[in-house]
Amino acid sequence: MVVSPSNLLDQVLDYANRANPYPIYAKMRKHPVQVQTDGRYIVSSYELVDAILHDPQMSVDMRKSNEPGVRIEQEEPGFVFQDPPKHDWLRHQVMSKFTPELISGLQPRLEEIVKELLDAQRPNQRMDIVDDLAYPLPVTAICELLGVPRADEPKFHIWSSMIIKGTNLGKDPVAVQEAMQGRDHLNHYMGELIDKLQRQPAPGLLSALIHDTTYEKRMNKAELVTTAVLLLIAGHETTVNLITNSMLTLLRNLASFELLRHKPEILSNLIEEVLRYEPPVQFTIRTPLTDVTLGKVKIPKGAIVMVMNAAANRDSARFQDPDRFDPLRPNIAHFGFGGGIHYCVGAPLARLEAYIALSALARRMQNPRLLQDPPPYRESPALRGPRHLLVSYDHIA
Ligand code: HEM
């Protein structure tokens, strides 16, 4: 077994490496299963990441690990941190409401939001892609979809950020404390909203889940709260990075931006390539329910296993010339949305939002230039993306 000589995971977590973690991932892949001096395992090849994501012995429930504090502890975690059968039951109920018809029905409204946001930038010749477009779009969308008042966003944005900061793998006790406070505030807020919707049904997915009569067994209040919080945070903290990482990559590869302007039909494939090349979720976490052997390495029950989705996405055993951004790349089966039973519920929504935002930018923004490269990054190593992305342009059509 290889003991990571330089604690490569710690290097990924180090903010100093946030702008470019890819050389560290390349070092990881030289020994696709390795263990750090603190006992955490790192898995980084395409083949083994794929195997873990489909292995029923690899649990997402950190209460079953030797280090339960690695996640913010709570009695009823969101279903992304739960195993079958509970996971499947909760996910099924959400999926029954999160239909393709619902998502495609959102298209005109999403186009309207993007139009308004870009129109507001017409008098200017520079904008922050994050604050002016990539953040407000998914936030407005998820609020309207769930039926959460958009006006409350400044409040729950703070709580959501506190929670994300605390998921820095449990090594900073102050951040963990703050994350628990953020979680308590958000749970309380959601609990009150659920009580209100219970008394008075309203449009939106949350009310639909509360008043669902299809199932004999109904979700209880704690399950409703954590499911709603999971959807709100996921809708908040990820798509912003997909849109921003896409724009950053395009402005670093202006030939691709020009190609997109002339051939808008490549956009869907281009978004998949960004999900491979600069994935908004860089890694996920699992713990084995029994001793397992992975790539000839024995991993004990309860160990922390870091699943490096972003490293696997650049594995040369699977992708030709993996460090090259190629919007025309064929057959991009990336791990940007995970894999197996926890595959992202919001993938169709995230793809649609990114599609509408990027097609409007490519069409309307004339001669864009990056003003700062690398841009300042958000703190989270897992949900990775720029905090700001300043661009200048001649005008917005
Ligand atoms: C570009 C945007 C997004 C990315 C890159 C992303 C990525 C991911 C990934 C990698 C996972 C798997 C986690 C794991 O294996 O442990 C996941 C799960 C999940 N995502 Fe997303 N996500 C995005 C947007 C969204 C949105 C908009 C929503 C909600 C509306 C959402 C809801 C969820 C949920 C509920 C799960 C848990 C699924 C399960 O455990 O069965 N995501 N996402």
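## Helices, loops and an iron site

Right after helix H8, Gly147 adopts a positive phi of about 90°. This is a predicted model, and H8 is a good place to start looking at it. The helix runs over residues 136-146 and is mostly covered, with 10 of its 11 residues buried. Among those buried residues are Pro136 and Pro138, along with Leu137, Val139, Thr140 and Cys143. Leu145 and Leu146, also in H8, are buried too.

**Around helix H17**

Next up is H17, which spans residues 347-364. Two helix pairings with H17 are worth a look. The first partner is H15 (residues 267-277), which packs against H17 at an angle of about 115° with the axes 10 Å apart. That angle makes H15 roughly perpendicular to H17. The crossing of this pair is right-handed. On the H15 side, the residues that meet H17 are Leu267, Ser268, Ile271 and Glu272. Their counterparts in H17 are Arg351, Ala354, Tyr355, Leu358 and Ser359.

The other partner is H13 (residues 239-252), whose axis sits 9 Å from that of H17, at an angle of about 35°. Here, too, the crossing is right-handed. H13 brings Thr239, Leu242, Ile243, Ser246, Met247 and Leu250 to the contact, while H17 supplies Ala350, Glu353, Ala354, Ala357, Leu358 and Leu361. Follow Ala354 and Leu358 through the two lists: they meet H15 residues and also take part in the contact with H13.

**The iron and its protein donor**

Which protein atom serves as a donor to the iron of the ligand? It's the SG of Cys344, 2.3 Å away, and the iron has that single donor from the protein. To find Cys344 in the chain, go to the loop between helix H16 (309-312) and H17.

That loop holds another residue to check: Asp321 also lies between H16 and H17. Asp321 has a positive phi, near 50°, though it isn't a glycine. It counts as partly exposed because its relative accessibility is 45%.

**Arg378 and its surroundings**

Is Arg378 buried or exposed? It's buried, since its relative accessible area is 14%, under the 20% cut-off. Arg378 belongs to the loop between strand S11 (369-370) and strand S12 (390-392). Its side chain reaches the backbone oxygen of Glu237 at 3.2 Å. Leaving aside neighbours within four places in sequence, Arg378 is in contact with residues including Tyr15, Arg18, Val240 and Asn241. Leu383, Gly385, Pro386 and Arg387 are in contact with Arg378 as well.

**Cis peptides and a loop lysine**

The loop between S11 and S12 also contains Pro374, one of the residues in the cis peptide bonds below.

| Cis peptide bond | Omega |
|---|---|
| Pro84 and Pro85 | about 5° |
| Asp373 and Pro374 | about 0° |

As for Pro85, look in the loop between strand S4 (58-59) and helix H4 (86-97).

Finally, there's Lys296, in the loop between strand S7 (292-294) and strand S8 (297-299). Lys296 isn't a glycine, yet its phi is positive, about 70°. It counts as exposed because its relative accessibility is 82%.

Notes:
Residues numbered from 1 in each chain as written. Predicted model: local features only at pLDDT ≥ 70, side-chain atom pairs only at ≥ 80, totals over all residues. Heavy atoms only, no water. Donors = N, O, S within 2.8 Å, 3.2 Å for Na, K, Ca; no water. Helix = DSSP H or I, 4+ residues; strand = E, 2+ residues; numbered from the N terminus. Buried < 20%, exposed > 50% of the residue type's maximum accessible area, 1.4 Å probe, protein only. Polar contact = N/O pair within 3.5 Å; in protein donor to acceptor, adjacent residues only side chain to side chain. Contact = heavy atoms within 4.5 Å. Axes fitted to C-alpha atoms, helices over the stretch in contact; angles between N-to-C directions. Parallel < 35°, antiparallel > 145°, perpendicular 65-115°, else oblique. Left-handed = near helix turned anticlockwise from the far one by under 90°.
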